[in-house]
Amino acid sequence: MSDDTPIAPHGGVLVDLVVDGADGEALAAEAVNLPKLVLGERELSDLEMLAVGALSPLTGFQGEADYDAVLDTMHLQDGLAWAIPVVLSVTDEELHRIGNASSVGLTAVEGGEPLAVVRIGERFARDKQREAVSVYRTEDPEHPGVRALLDAGDTCLGGTVEVLTVPTHDDFTSYRLTPAQTRAAFQERGWKTVVGFQTRNPIHRAHEYLQKCALEIVDGLLVHPLMGATKSDDVPPEVRMRCYEALFDGYYPKDRSMIGIFPAAMRYAGPREAIWHAIARKNYGCTHFIVGRDHAGVGSYYGTYDAQRIFEGFAPDELGITPLMFEHSFFCVRCEGMASPKTCPHEDADRVILSGTKVRDMLRNGERPPIEFSRPEVADILIAAMREPT
Ligand SMILES: [Zn+2]
């Protein structure tokens, strides 16, 4: 499929770790008797991403040489750009239980069917302090990514993964497209250039504007929300999906835009995660990727433009996908349209700018934010959701 698709996967080959047919049956029979590891939500998400090639060229959980190289140089050992380690951490208790086994089965729940088998190539100590500083730029345990890192086991199992069953979901199934499926969908639509948009929030006018600015210069738009593990104060996935659907129904050209789900777990690693997100979207077939302000950030750990600047550290052909950097945007009453500080010469007083807190307060009070800020259909869904018992 790589011949007539517009962009090659990272490293050149779209990885597919699923083993089926007679080999799959043999693997399933073997897996039954292997020691098992029950994966947490994050690792399950990583397994799904690995299985379908969203993390191409990775074919399993990273070993120490790649782990070190990623932390120190943002590249794999072989020199390919890579920003965030993808490792399988185990606790001392799990390590003891696995013993000297050379393979281990992965399950979603205790006693569950094995989803995959890891061929353990190595065991190495996870250097949490160094990883925190490199990936998250902080050791603060209040940072959700650092917190998850500190809570993970102290030893990593590196090794290739053979997948029996890709972790499944019972929600949004029609939107759960693998990289092979988005690539096929782009081809079917005749899109040679596609921009990917990462989000974990409802989309208001500002982000709609960025997407449409990008769409002016490419063939298609993939709105690619993350529906995996996010912070508990984020808007719930089912509410967000209703918002995206309302927006698509009312305001997006059907032959130029589509929604897919990005199965990643959020790290909140800001700049490094922006690189990681871009590489993954390249695997999904996107040629362009929107990087706004504070991409994948949390709190005040990162500078507003850090996630854009980090791209300057890579030669364009290292990433392959083209980042499109955007400013904060807003409706300006004097420009009479959506604009940004790059395109609007007016003062803040002329601009419809609302803080997140203000918007939440309005919605909680059953009040629509101004139409210049949020589409009424989206506002109504959020208002209704806030009234639902949680
Ligand atoms: Zn203006």
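Buried means under 20% relative accessible area, exposed over 50%, and partly exposed in between, with a 1.4 Å probe and protein chains only. The model is predicted: local features need pLDDT of at least 70, side-chain atom pairs count only at pLDDT 80 or more, and totals for chains, interfaces and linings use all residues. Residues are numbered from 1 along each chain as its sequence is written, and side-chain values use heavy atoms, with hydrogens and water left out.

**Exercise 1. Classify the geometry at the zinc ion.**

Step 1. Find the donors, which are N, O and S atoms within 2.8 Å of the metal (3.2 Å for Na, K and Ca); water is not among the atoms, so sites may look incomplete. Cys332 (SG), Cys335 (SG), Cys344 (SG) and His346 (ND1) coordinate the zinc ion at 2.1 to 2.3 Å.

Step 2. Read the spacing. The donor residues follow C-x2-C-x8-C-x1-H in sequence.

Step 3. Check the angles. Four donors count as tetrahedral if all angles lie between 85 and 135 degrees. Here the four donor atoms subtend 101 to 115 degrees, so the arrangement is tetrahedral. The ideal value for four tetrahedral donors is 109.5 degrees.

Step 4. Check burial. Cys344 is buried at 5% relative accessible area, and His346 is buried at 19%.

**Exercise 2. Test the length of helix 14 and find what its buried residues pack against.**

Step 1. Helices are DSSP runs (H or I, at least four residues), numbered from the N terminus. Helix 14 covers residues 376-387, 12 residues.

Step 2. The expected span is 1.5 Å times one less than the number of residues. That gives 16 Å for helix 14; its end C-alpha atoms are 17 Å apart, which agrees.

Step 3. Buried residues of helix 14 include Val378, Ile381 and Leu382. The buried residues of this helix pack against helix 9 (237-251) and helix 13 (356-364), where contact means heavy atoms within 4.5 Å.

**Exercise 3. Which parts of the chain does the salt bridge between Asp380 and Arg368 tie together?**

Step 1. A salt bridge is a side-chain nitrogen of Lys or Arg within 4 Å of a carboxyl oxygen of Asp or Glu. In the Asp380 and Arg368 pair, the closest N and O atoms are 2.7 Å apart.

Step 2. Asp380 lies in helix 14 and Arg368 in the loop between helix 13 and helix 14, so the pair ties together parts 12 residues apart in sequence.

Step 3. Asp380 is partly exposed at 32%. Arg368 is partly exposed at 45%.

**Exercise 4. Is Arg130 buried or partly exposed?**

Step 1. Arg130 has a relative accessible area of 26%, so this residue is partly exposed.

Step 2. Look at its partner. Arg130 forms a salt bridge with Asp72, the closest N and O atoms being 2.9 Å apart. The pair links helix 5 (residues 128-136) to helix 3 (residues 64-73), 58 residues apart.

Conventions
Four donors count as tetrahedral if all angles lie between 85 and 135 degrees; four count as square planar and six as octahedral if opposite donors are over 155 degrees apart and all others between 65 and 115; anything else is irregular. Helices (H or I, at least four residues) and strands (E, at least two) are DSSP runs, numbered from the N terminus.
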